[in-house]
Amino acid sequence: MKHSEATPRPATQQHDVEDWRTGGFGLYIHWPFCQSKCPYCDFNSHVATSIDQQDWAKAYVQELERTAELTGKRLLNSIYFGGGTPSLMRMDTVERILVHASKHWTFANDIEITLEANPGSVDAANFRGYHAAGVNRISLGLQALDDLALRMLGRMHTVDEGLRALSTAQSTFDRVSFDLIYTRQNQTMEGWQKELERALSLGSSHMSLYQLSIENGTVFGERFARGQLLGLPDENLGADFFDLTQDVMEAAGLPSYEVSNHARPGSESRHNMIYWTAGDYAGIGPGAHGRLTIGASRYATTMQPSPAPWLAQTRTSGNLEMEKLVDTDCALEYLLMGLRLRAGITLSRLEKMAGKRLPRNQLGDLVDMGMLHIDEDMLQVTRRGRPLLNAVIEQIARLL
Ligand SMILES: C[S@@+](CC[C@H](N)C(=O)[O-])C[C@H]1O[C@@H](n2cnc3c(N)ncnc32)[C@H](O)[C@@H]1O
Ligand code: SF4
């Protein structure tokens with residue numbers, strides 16, 4: 001185990017009552033493999049010809065043990081298998097990880113255990129196996145309900161295959177979310193509205209709706225740089241797409257609870273809430289990040305991103321690298337993550353983290369412009385402020 005400073009002693013303190021609504025504790029497992037690489041995606045995902053799942057399961061178990069030595073036995077509110085494509089994991093790999101996690105931490109009665117799935121690798125028997133192992137929520141990468149758009153996004157599945165995968169997931173799990181990407185090449189507002197309405201008819205109570213972002217180091221990033229990625233909406237049209245999305249989803253009873261995440265009240269992703277409410281989470285797997293409170297300090301954890309070295313390192317010193325966060329880092333992170341939530345952040349918590357009082361009178365301009373709302377101890381970005389979220393956060397951050 002590598003540390004950028006003296007290794008902290010295992011946690012002995014009682015954490016405040018662990019609750020995903022105000023923080024809590026989660027476990028993120030990163031599975032870094034996919035069947036093919038999508039041209040827009042800059043996630044830590046790799047195409048491998050052969051994967052020894054037994055070796056991988058053993059490696060996750062080893063890193064779980066090392067992390068648990070640091071955290072002590074805490075109440076676990078959520079587990080999230082993200083990727084990559086975790087639906088390529090064998091069910092016994094998932095089961096082994098869950099069995100070991102339950103040895104190290106106490107599962108909350110209402111623990112949420114999510115697994116991300118790609119419609120191209122959904123198999124009914126596998127899904128039943130995940131369910132039997134304890135997974136209780138699926139997040140499916142549908143991406144579009146339009147075959148031409150799926151081809152342009154480089155996806156390997158059709159709309160029909162996506163819908164069949166959704167129905168398989170829904171017949172096995174009570175909680176199924178799916179992802180769609182919008183502001184795609186040549187997409188029209190009318191087309192997106194129809195697609196959203198169709199998506200709403202599919203009976204999910206949670207959807208993640210992402211605007212296509214063009215990332216450096218991806219195929220789309222390179223095409224864009226060469227001027228060959230045509231038909232993308234400009235910023236103003238992008239804002240109109242965002243507004244339309246909010247209107248349609250709000251009218252259907254799935255308002256956004258975070259910039260890109262929509263849910264019927266009560267169906268929010270608990271795992272996401274842990275990130276956005278500055279809770280603790282252990283991150284295990286290539287490139288996984290974590291945040292751990294140990295004693296009176298908070299640490300950012302990272303792991304080696306490349307799959308082969310990560311696997312090799314689990315057999316020797318382990319992959320966990322830790323950096324102690326100073327108070328301002330913690331406060332800035334809470335601001336940055338928490339203001340993505342519609343519910344906003346608690347001012348007293350922000351001030352406690354920063355160790356200073358936020359001069360509220362200097363927020364007056366943002367409030368007067370209708371971008372910010374302050375209600376006693378809550379600070380929220382309004383719907384008007386949301387398209388300018390980063391600029392709003394920047395102004396507040398200057399006051400910390
Ligand atoms: C790890 S993937 C989900 C599971 C699976 N790998 C799949 O793609 O079906 C996470 C999600 O991030 C979104 N995403 C990835 N890259 C994106 C980009 N450049 N712009 C917008 N959304 C993106 C996609 O909606 C994708 O479903
Ligand atoms: S979008 Fe999903 S399937 Fe495509 S490369 Fe990224 S992680 Fe893999």
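This report walks through two ligand sites, one buried threonine and two sets of paired strands in a predicted model.

## Ligand 1: contacts

Start with ligand 1. Its surroundings hold 17 residues. Gly84, Gln143, Arg155, Asp179 and Ser213 come nearest. Sorted by class, the shell has six nonpolar, eight polar and three charged residues.

Which atoms of ligand 1 lie 2.6 Å and 2.7 Å from polar side-chain atoms? Both are oxygen atoms. At 2.6 Å, an oxygen of ligand 1 faces an N or O atom in the side chain of Asp179. At 2.7 Å, an oxygen of the ligand lies by a polar side-chain atom of Gln143. The backbone takes part too. A nitrogen atom of ligand 1 is 3.0 Å from a polar backbone atom of Tyr40.

## Ligand 1: cover and setting

How much of ligand 1 does the protein cover? On its own, the ligand has 560 Å² of accessible area, and the protein covers 93% of that.

Strands feature in this shell. Four elements each give two or more residues to it. They are β4 (106-117), β5 (137-143), β6 (175-182) and β7 (206-211).

## Ligand 2

Now turn to ligand 2. Which residues surround it? The list begins with Cys34, Ser36, Lys37, Cys38, Tyr40, Cys41 and Ser45. Gly84, Thr85, Asn118 and Arg155 complete the list. By class, the shell around ligand 2 has four nonpolar, five polar and two charged residues.

The two sites have residues in common. Gly84 and Arg155 are among the nearest residues of ligand 1, and both also surround ligand 2. Tyr40 has the backbone atom 3.0 Å from a nitrogen of ligand 1, and Tyr40 is also one of the residues around ligand 2.

## Threonine 245

Thr245 lies in helix α8, which spans residues 235-251. Is this threonine buried or exposed? Its relative accessible area is 1%, so Thr245 counts as buried, the cut-off being under 20%.

What does it touch, beyond residues up to four places away in sequence? Its contacts are Tyr182, Trp192, Leu196, Leu209 and His262. Tyr182 belongs to the span of β6 (175-182), and Leu209 to that of β7 (206-211). Those two strands also give residues to the shell around ligand 1.

## Strands β11, β12 and β13

Strand β11 covers residues 290-294, and four of its five residues are buried. Its partner β12 runs from 297 to 302. Five bridges join the two in the antiparallel sense. Ile294 stands opposite Ser297 of β12. Two residues separate the strands of this hairpin, and Gly295 takes a positive phi near 65° there.

β12 is mostly covered as well, with five of its six residues buried. This strand also pairs with β13 (residues 321-324), antiparallel over four bridges. Here Ala300 has Glu323 of β13 as its bridge partner.

## The β14-β16-β15 sheet

Further along, three strands make an open sheet. Their order is β14-β16-β15, and the pairing is antiparallel. Which strands stand at the edges? They are β14 (345-346) and β15 (372-375). Each has a single partner strand, so one side of each is left without a neighbour in the sheet.

β15 and β16 (residues 378-381) pair over four bridges. In this pairing, Ile374 stands opposite Leu379 of β16. Strands of a sheet pair through backbone hydrogen bonds.

Note on methods: Residues numbered from 1 in each chain as written. Chains lettered and ligands numbered in written order. Predicted model: local features only at pLDDT ≥ 70, side-chain atom pairs only at ≥ 80, totals over all residues. Heavy atoms only, no water. Near = heavy atom within 4 Å. Polar contact = N/O pair within 3.5 Å; in protein donor to acceptor, adjacent residues only side chain to side chain. Areas by Shrake-Rupley, 256 points an atom, 1.4 Å probe, with all protein chains shown as cover. Nonpolar A, V, L, I, M, F, W, Y, C, P; charged D, E, K, R; others polar. Pairing = 2+ DSSP bridges. Buried < 20%, exposed > 50% of the residue type's maximum accessible area, 1.4 Å probe, protein only. Contact = heavy atoms within 4.5 Å.
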